[in-house]
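Subject: Structure for your review

Dear colleague,

Please find below the structure that I am handing over to you. My findings on the ligand and on the empty space follow it.

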Amino acid sequence: MGGKDRRKGKDRREADAPSRWLEVEDARKAAKRRLAKAVYEHARAGAGNEATLAENEAAFRRRAIWPRVLRDVAACDPSTTVLGAALRVPVIVAPMGYLRLFDPEGEIAMARAAEAAGTILAVSELASVRFEDIAAATASPKWLQVCVVRDRGRTRAIVDRAAAAGYAAIVLTVDLPVIGRRPREIAAGFALPPDLALVNHGAVGDDGAACPATLDDLTPDATLTFRDLEWLRGVAPLPLVIKGILRGDDADLAVRHGAAAVIVSNHGGRQLDGAPAALDALPEVAAAVAGRAEVLVDGGVRSGADVLRAIGLGARAVLIGRPALYGLAGGGQAGVERVFAILEDELRATMALAGCRRVSELPRDLVRPTPR
Ligand SMILES: Cc1cc2nc3c(=O)[nH]c(=O)nc-3n(C[C@H](O)[C@H](O)[C@H](O)COP(=O)(O)O)c2cc1C
């Protein structure tokens, strides 16, 4: 390699430093350069021909923020609460499996970054660090995401462990009765490395906490219905968050069956290709819930302005998936913290420019379809 190439490499490494990232897109670029191609494609992939994946981001660009002026925005406050927990910004880390694919510290680094950002981490049932160790890593609130599997004893064991370890809520993901087919991931030859075995579902430990399991044992039970939510609520006295709702009638049923919150989500475009953008589904869900539960949304949030758009259309807070993942892959804990700092800066500036002092007091008509 000649001197010219080495300089390029050094410049590139410097540009990849989280402190140099100016927008969420910079985290993605750094992650892409750092990750093996198959792992990057696993993160980036959507189902089918990725129409829903593209729509998630496009839907934000179809909404304009109609600013108000002369509203004394000297001290804008983006903080809020979700299920009683205080959040510095209305942005939660979405559940994502196998974070050690992206950083050696995996879920521990993500938990520390979430705590530093003053927010909640939703831990996936496919975490690559033991649930108890993630819980013990920080004092900040965490949720545990599960799918109900055929052997209810397995699901019960996970929920019991979550309650014992101090998780603040159970997130039930309902949009994967079958796992979406992601051609990009298949083409790249993605496969889980053997050392990332299911640490939370392996052989029974001394504490009797884990059940023997293979990935097949964790396949969601496709016979699940709304009636099963009551069973799940009976397992542990934790608030239940239903993730993967896109319709008002389903949101109503979820609330009637005891959901404390619903997450409007199409799984980041990774499940039903052809599903609407999460942002497009949000107003219908918010109207159907009508304040009986908290409404959150994820999918395609890439800036502070996007966070404000989602709140303007009825969300209490958003979750971010890939932006946090790219932060982790591109710069470990510091990378995730940088992504949150960027989103907070952007959100504060957007609030001031839009004439909004508090996220709980947005005018109903702040966010409207972009005029054509
Ligand atoms: C690599 C990856 C792994 C994911 N794993 C899970 C999971 O284990 N459980 C779950 O409910 N959602 C999972 N999701 C979906 C996210 O929780 C979230 O809904 C989605 O990423 C939001 O879209 P965004 O990436 O555009 O922010 C995963 C997403 C990605 C990208």
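The ligand in this predicted model is surrounded by 23 residues, and the closest are Pro-95, Ser-124, Thr-173, Asp-298 and Arg-302. By class, this shell consists of 7 nonpolar, 11 polar and 5 charged residues.

Three contacts with the ligand may serve as starting points when you inspect the model. At Pro-95, a backbone N or O atom lies 2.7 Å from an oxygen atom of the ligand. At Arg-302, an N or O atom in the side chain is 2.7 Å from an oxygen atom of the ligand. At Gln-145, an N or O atom in the side chain is 3.0 Å from a nitrogen atom of the ligand. On its own, the ligand has 610 Å² of accessible area, and the protein covers 95% of this.

Where does the ligand sit? The ligand is found in the largest pocket. Two elements give two or more residues each to the shell around the ligand, namely helix H3 (37-44) and helix H13 (322-354). Of these, H13 supplies the largest share of the shell, with 3 residues.

The pocket itself may now be described. The largest pocket has a volume of about 1000 Å³, and 41 residues line it. Those that lie nearest its centre are Gly-97, Leu-126, Arg-182, His-267 and Arg-270. The elements that contribute two or more residues to this lining are H3, strand E11 (317-320) and H13. Here H13 again gives the most, with 3 residues. The lining of the largest pocket divides into 21 nonpolar, 12 polar and 8 charged residues.

I turn next to the enclosed spaces. Rolling a probe the size of a water molecule over the atoms shows where empty space is left. How many cavities of 30 Å³ or more does the structure hold? There are 3 cavities of that size in the structure.

The second largest cavity has a volume of about 40 Å³. Its lining is formed by Val-93, Ala-94, Met-96, Leu-99, Glu-107, Leu-121, Ala-122, Val-123 and Ser-124. Strand E5 (residues 121-123) provides the largest share of this lining, 3 residues. By class, the lining of the second largest cavity comprises 7 nonpolar residues, 1 polar residue and 1 charged residue. Ser-124 appears in both parts of this account: this residue is among the closest to the ligand, and Ser-124 also lines the second largest cavity.

Yours sincerely,

A colleague

How values were computed. Residues are numbered from 1 along each chain as its sequence is written. This is a predicted model: local features need pLDDT of at least 70, side-chain atom pairs count only at pLDDT 80 or more; totals for chains, interfaces and linings use all residues. Side-chain values use heavy atoms; hydrogens and water are left out. On a 1 Å grid over the protein atoms alone, a cavity is a set of points where a 1.4 Å probe fits but cannot get out, and a pocket is an open set with protein on both sides within 12 Å along at least five of seven lines; lining residues have an atom within 4 Å of a point. Grid points are joined across faces, edges and corners, and a volume is the space filled by probe spheres set on the points. Helices (H or I, at least four residues) and strands (E, at least two) are DSSP runs, numbered from the N terminus. Ala, Val, Leu, Ile, Met, Phe, Trp, Tyr, Cys and Pro count as nonpolar, Asp, Glu, Lys and Arg as charged, and the others, Gly among them, as polar. A residue is near a molecule or strand if one of its heavy atoms lies within 4 Å of it. A polar contact is a pair of N or O atoms within 3.5 Å; within protein, one must be able to donate a hydrogen and the other to accept it, and residues adjacent in sequence count only if both atoms are side-chain atoms. Accessible areas come from the Shrake-Rupley method with a 1.4 Å probe; for residues, only the protein chains shown count as cover. A molecule sits in a cavity or pocket if more than half of its atoms lie within 2 Å of its grid points.
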